[in-house]
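The following exchange asks how some labels given to a protein model are justified. Each reply sets a value against its definition.

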Amino acid sequence: MNHTFFKPDSGGDTARQPRLSISHGTKFGHRTGLGWNKKMRVLVEAPSDVQLTAGLHLFVAPNGSGKTTLMRTLAGLHPALNGGAAVTGRIHYVSDQMQLDEELTPRAIFRIWFSGDALISATRLAERLGLEVGCVFGKLSRGNKQKVLLILAETMAADSGPSLLFLDEPLAGMDAETRAVVAEVWASTNASILRLVVLHELEAVRKADSLFTVCNGELRHTFERAGDSWSETCRRLRAI
């Protein structure tokens, strides 16, 4: 049976480094129809093997190209149509659709989720991002709600050893200054976290380890930045 599979953490040095491997020919998408008549609707296909380790890996592609389906598949929430992905490390997937109790304040949310050093880390990151921790979640702006989700994701990943952190549009609604701070956080905490981040705005990110895009249903990837920005890299990668 074709499926996405996940390799559990193992002992020794290999367990200290998060890893993600996508096999060539892996197809991401949906099955449509009923019973025996189901058909594959392929959104994205990997034309070659991809091997990633800790670092920041950007993912930018047009709406409707299959980004979210691919991310959910890698997170183990959706089956691959063919092939698979091998993962070493703990997986954390956070999308902008995640729901939280709108009557709770960020301060209360963090205390529910974390304790000890993790709670201290979450509080410090909230201060760094300028989050209003005393305002109830339901009354926060979109950007501040995104800050709460990002803080939860980053703190969970940092507190659980080798981790793979999949973030779907984490900077949506944030101002340029906040996006720059987040980029600094990502650049300074890459040692034990493999981040795959879906973005539309690449200008705030200067330091990254690789970039993915989708063109004509093909997953394209490069470790080399072209020109002066990752935006230029994306344009050139899609033009191949």
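Q: What stands opposite Arg19 in β6?
A: Arg19 stands opposite Thr88 in β6. This is a predicted model, in which local features need pLDDT of at least 70 and side-chain atom pairs count only at pLDDT 80 or more, while totals for chains, interfaces and linings use all residues. Residues are numbered from 1 along each chain as its sequence is written, and side-chain values use heavy atoms, with hydrogens and water left out.

Q: What makes β1 and β6 a pair?
A: Two strands (DSSP runs of E, at least two residues) pair if DSSP finds at least two bridges between them; β1 (residues 19–22) and β6 are joined in the antiparallel sense over four bridges, so they meet that definition.

Q: Why is β4 called an edge strand?
A: In the open sheet, ordered β4-β1-β6, β4 (50–52) pairs on one side only, as does β6 (85–88).

Q: How do you know that the span of helix α4 agrees with its number of residues?
A: The expected span is 1.5 Å times one less than the number of residues; for the 17 residues of α4 (142–158) this should give 24 Å, and because the end C-alpha atoms are 24 Å apart, the two agree.

Q: Why is Glu169 called buried, and why is Asn216 called exposed?
A: Buried means under 20% relative accessible area and exposed over 50%, with partly exposed in between (1.4 Å probe, protein chains only). Glu169, in the loop between β8 and α5, has 14% and therefore counts as buried, whereas Asn216, in the loop between β10 and β11, has 78% and is therefore exposed.
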